[in-house]
Amino acid sequence: MTFSVFITRDVLGTVAIAMLLFLHHSHAHGQDDTLYSTSFEELSPERITTKQIGEFAVAANGTVTISGKFASTGKQCLHMAGDANNSIEFQLPDHLRAFRGVSFRAERWTSRNPFAFRVEIQQNGIWKEIAVLDSIIQVGARFLSHIKLAIPDEGSTTAIRFYATAASEAGVLLDDLVLHKNPPQRPTSLSPVKLPTRKLKLETSQSLFISGTNDTHTFRIPALVTTPHGTLIAACDARRKSGADVVHQRTIDIVYRRSEDNGMTWSPIEVIDPIDHGGCSDPSLLVDEVTGDVFCFYNYMSLDRSSKEYRFYVQKSSDDGKTWGNPNDITDQIAGPELENAFKFITSGRGIQTRSGQLIHNYVRVGHGVTLFGSSDHGTTWKPVGDANPGDESKVVQLHDGTLMVNSRIAPGKRYVHRSSDGGKTWESEADFGLPDPRCNAAIIQYTAKRDGYSKDRLVFCNAASNTGRENLAVRISYDGGVSWSEGGVIDRGPSAYSEISILRDGSFAVLYEPGHAEVRFVRFTLKSLTDGEDFLSKPWASPKVVRSAQN
């Protein structure tokens, strides 16, 4: 069944007014380039038909209504239901015809097929299709699809139309429609994404933790960092009795190994946490490049089966991981009493240190998004930094221009990305369809930046590059801060789950990952291998500590 929305000079009805007049009276989201915006708050909840209102007219075919039951912002939205010939079209007055960008929030009503959704514009009297969003708009609550489209600069745009096809009683919800003066900096990716297939040449590949050995049923959840002295520290869960998470078994320890020769040889497996009255899981490592200290975070649950609370613990090493201090419970510093019984956990893998020296990491509030926390006194105290929503297990990275990015698993077929230019106070969020993902924890790291004397800004990402299952572990590189990604190369075509990435002292890359649950494996490869010989460093790689010291 089909529905579409038309905006024409003689056919703009309630919706046109809703979408144009209300664009004007609604919030502009603080963007200087906003021409008009609306969240449909000033319209009566009713079915939209053809109606002339002032200089605007809206024509809606089929079942198109203003709904008071759902909304992204405010209390209302536009609902294009699953009926035949549903459409809505808006004719633009002269002062809006030079707009060069359009954005809106969308939600697919159900997963039942058929479903099709496209956006068209009228320029020079000709209708042009500018976006097919059938596979882009997500199913489910919270209007997770934030669509941002550029308008071709090929003449005056006199109308914009939304057209959809859906099953009966299904359809699509639209809200927060904005017309922009300029094209979006990061438009929604509409091109089909190629899954990586080229096999990377590996310098090293070895099993560091093998399930069924060392009194451990399953080793899982890798964490990996390189210290300022070049020492590699690899950590993971030692799940003693089964492969289940700590909420189901309280017999998990955090174990680790060290390498002082770029991963060629490793120390024996040792336990970080000395806790014997509960279980610990999901290690993450963070290096303070200024002091040289290494922090290991993990989640703790007591042996009391009536307790379901994850507590947040951290231990510090000041000798490159040879010894570790006592566990420090920081839960109350970063979560607060109101979250005592919330389902929350620190994300495994790694945290970061920003250029200003601040230490930053994150934890997940299941169903509520990601909370960043940090320390400005080298780990003596910790406090919340900001929230990014939606999100699940996430990694935070500081980009070449100082922007904080949270890259999160969210749903099969995409990642969710949040960017903040004010240190985590506010965020710009969007789904990234350029990173196929089966909803699995991934890894991301800023490799080089022009401001540090390198020829290129380089951001590197590692994940199970598949939309259907945890397999095909691949690495990609971005030269524009994650706006676009290379096709990349494959580390392991087989089963591949969680992974973590680090940079070795010779500038090569190290990845610790799960090839299934039988082991935790370490591999090493070069920039030349990652880019198939097309990229190389313009100067030898240096650790952030060395780079910042040279700048000072």
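**Reading the labels on this model**

User: Why is Asp392 called buried?

Analyst: Asp392 has a relative accessible area of 11%. Buried means under 20%, exposed means over 50%, and partly exposed is in between, using a 1.4 Å probe and protein chains only. Since 11% is under 20%, Asp392 gets the buried label. Some background: this is a predicted model, where local features need pLDDT of at least 70, side-chain atom pairs count only at pLDDT 80 or more, and totals for chains, interfaces and linings use all residues. Residues are numbered from 1 along each chain as its sequence is written, and side-chain values use heavy atoms, with hydrogens and water left out.

User: What makes Asp392 and Arg409 a salt bridge?

Analyst: Their side chains come to 3.5 Å, N to O. The rule asks for a side-chain nitrogen of Lys or Arg within 4 Å of a carboxyl oxygen of Asp or Glu, so the pair passes. Asp392 lies in the loop between β28 (383-388) and β29 (394-398), while Arg409 belongs to strand β30 (residues 404-411), so the bridge ties together parts 17 residues apart in sequence. Strands here are DSSP runs of E, at least two residues long, and helices are runs of H or I, at least four long, numbered from the N terminus.

User: Is Arg409 buried or exposed?

Analyst: Buried: its relative accessible area is 9%. Its strand fits that picture, as eight of the eight residues in β30 are buried.

User: How do you know that β30 and β31 pair?

Analyst: Two strands pair if DSSP finds at least two bridges between them. β30 and strand β31 (residues 414-420) have seven, in the antiparallel sense, so they qualify. One of those partnerships puts Leu404 with Ser420 in β31. Two residues sit between the strands of this hairpin, where Gly413 takes a positive phi near 105°. β29 and β30 pair too, antiparallel over five bridges, with Ser394 opposite Ser408 in β30.

User: Why is Arg100 with Asp153 counted as a salt bridge?

Analyst: The closest N and O atoms of Arg100 and Asp153 are 2.8 Å apart, so the 4 Å limit is met. The two partners come from distant parts of the chain: Arg100 from the loop between β7 (86-91) and β8 (101-108), Asp153 from the loop between β11 (145-150) and β12 (157-166), 53 residues apart. Arg100 is buried at 13%, but Asp153 is exposed at 64%, because that value is over 50%. By this rule the model has 33 salt bridges.

User: What makes Asp245 partly exposed?

Analyst: Its relative accessible area is 37%, which falls between the 20% and 50% cut-offs, so "partly exposed" is the right label. Its salt-bridge partner is Arg239, with the closest N and O atoms 2.9 Å apart, and Arg239 counts as buried at 1%.

User: Which residues have the most contacts inside the largest nonpolar core?

Analyst: Ile88, Phe104, Phe117, Val119 and Phe162, in a core of 45 residues. A nonpolar core is a set of buried Ala, Val, Leu, Ile, Met, Phe, Trp, Tyr and Cys residues joined through side-chain atoms within 4.5 Å. Apart from that core lies another, of 21 residues, with Ala443, Leu473, Ile503 and Leu527 among them.

User: Why do β15 and β18 count as edges?

Analyst: The open sheet runs β15-β16-β17-β18, with antiparallel pairing. β15 (218-226) and β18 (270-271) each have a single partner strand, so one side of each is left without a neighbour in the sheet.
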